[in-house]
Amino acid sequence: MEARERPEHLLALKVMRLTRPTLSCPIIVTSDSKDLPGNLLNNDLKHDVTSVSGVETLNAGQFLQLPQSFGTIYLGETFSSYICVHNDSKEIGKDVTVKVDLQTNSQRIALSGHSMDPSELKPDESIDHVIHHEVKEVGTHILVCEITYTTPDQKSMSYRKFYRFQVLKPLDVKTKFYNAEVFQSDEVYLEAQVQNITVGPICLEKVALESSHLFSVSALNTAANGESVFGKVNVLQPQASRQFLYCLAPQASLTDDVRLLSGATNIGKLDMVWRSNLGERGRLQTSQLQRMAPDYRDIRLSVQEVPNIVTLEEAFTFGCKIINTCDRVLDMTLWLEDGTTANSGLMWSGVSGRSLTRLDPGASLLLKLCLIPLAAGLQIISGVRLTDSALKRTYDFDDLAQVFVMQKTKT
C-alpha cells in the first residue's frame, strides 16, 4: 500500500505488509461455440493467468497469488510491515527520523521511534525498516507513521500517514464444566469446543490447558497408544469444530480444607497455537476460566471405601467420611434408611439413630457402615441421613456409590 505525499515534501513514504501469498484456483466457465456467447468465454479463459496453456478447461491445481492489500489479520497473528522512505527530490534530506505507532481501541503502542541509518538521504536513495507486532486486540487498528527530516535550508519538516486495518477473531471457544459425581470426587472436567471462524483451513498445533496453582491438569485427548484422537495433523476446515477434554484435580492443600476448596474457582487458561494453510503461525490465549463454586452445604459426605463387586446375601463394608464445612460445632445423629426404590436391593446392617462425635468446624469423622445385598445386579447405595441436633435440620445423602451384586457360586 502506497501513501501519496504532498509535493512540497522531499521524502516519500511507502508502507507494505509482509505476508505470505494466498492460494488461487482458476475459475473455469466455458460454453459451446453454438451458444450465444460463442467462443468469448473460451478466449477469455486462455488469457487467464491461473489457467494452464493448452488445457484451459482443466482445473490443474492452485496457484500462488500475491496479496494486493493489507489483507485479513487475525487476533494472535504477528503483524509484519515494511516501511520505506525514499527521496524523490533532487535535494538532500538530513536528520531523517521515522516514528511508527499502532493505535488500538484501548491503547497506543510504539513500534519504532528512532533515527534511520543513514540519517541523511541523497536524491533517489532509500532507507527501510521492518517492524513486527503480535496483535492482541480485535477491532480497528491504525498504523500511524510520522516522518521528520531537515531540508538543506535547515527547515524542520514532518508529516504523518495513517493506515487503517481490521483485526478479526480467528477462533470461537466455548467451555463447559462438569463436577465428578462418582464417589463424591473433587475432580473437575473441562470440555472446550474450538471452532475455526477464519475463511480458510487451519492446523491446530497445540490446544493445552495451563491450570492455575490450585489444580493439576491431565489431558484426555489421546488414544491408548499415546497418539492424538484427531490424528497426527489436526486440520480444521472453516466453521468446523474440535472438542477437547481435560481433568483437573485439586491440590492436596485444598482437599484437606473444604472451605478453601469451595473458593477455588480459578481453573486456568487455554493456550492455542495454529498455522494457516501456508504456515503462518498464530497464538491465542483465553482469559482466566472460572467455574461455579461448589455448594457443600454445612455437612459433606465423601466415599472412602467401597467394593466394585459383592456377593448376594454376604455383608460388605462401606467407608465414608463426614466433614463439617460450616463455622459452628455440629452435634449429629446418624439414620440409616432401607426400602427406597433406588436402594431396594441393599439393606443396612447396624444401629440407626445413634449419636456421632461432636465435630468442630473443618473437622472430619470416618465411618464404617455395613450393607447386605438382597438382589442381584447393579445396586445403588443410598439412605444415609444426618440430623443436626441444634437446628433440627436433616441432611439427606443418596446415590453415594454403585456396587454390582453377583449370585453365589454353586460348589
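## Exercises on two sheets and a charged patch

**Exercise 1.** In this predicted model, how many bridges join strand β23 to strand β28, and which way do the strands run?

*Solution.* Start by finding β23 at residues 332-336 and β28 at residues 384-388. The two are joined by 5 bridges and run antiparallel. For a landmark, look at Trp335, which stands opposite Arg385 in β28.

**Exercise 2.** Now place this pair in its sheet: what is the strand order, and which strands stand at the edges?

*Solution.* The sheet is open and has 4 strands, in the order β25-β23-β28-β29, with antiparallel pairing. At the edges stand β25 (354-355) and β29 (393-397). Each has a single partner strand, so one of its sides is left without a neighbour in the sheet. As a reminder, strands of a sheet pair through backbone hydrogen bonds.

**Exercise 3.** Try another open sheet: what is the order of the strands in the one that contains β16?

*Solution.* Reading across, you meet β11-β12-β16-β14, 4 strands with antiparallel pairing. The edge strands, β11 (171-179) and β14 (215-219), each pair on one side only. From one strand to the next, the twist averages 25°. Next, follow β11 to its partner β12 (residues 188-196): 9 bridges join these antiparallel strands. One pair to pick out is Thr175, whose bridge partner in β12 is Ala192.

**Exercise 4.** Which residues gather in a patch of negative charge on the surface?

*Solution.* Pick out three aspartates, Asp88, Asp95 and Asp124, then add Glu120 and Glu125. To tie the patch to a strand, locate Asp95 in β6 (residues 94-103).

Key
Residues are numbered from 1 along each chain as its sequence is written. This is a predicted model: local features need pLDDT of at least 70, side-chain atom pairs count only at pLDDT 80 or more; totals for chains, interfaces and linings use all residues. Side-chain values use heavy atoms; hydrogens and water are left out. Two strands pair if DSSP finds at least two bridges between them. Axes are lines fitted to C-alpha atoms, for helices over the stretch in contact, and angles run from 0 to 180 degrees between N-to-C directions. Patches are made of residues with over 30% relative accessible area and no salt bridge: like charges are joined within 9 Å, nonpolar side chains (Val, Leu, Ile, Met, Phe, Trp, Tyr) within 5 Å. Accessible areas come from the Shrake-Rupley method with a 1.4 Å probe; for residues, only the protein chains shown count as cover. A salt bridge is a side-chain nitrogen of Lys or Arg within 4 Å of a carboxyl oxygen of Asp or Glu. Lys and Arg count as positive and Asp and Glu as negative; His and the chain ends are not counted. The place of a charge is taken as NZ of Lys, CZ of Arg, CG of Asp or CD of Glu.
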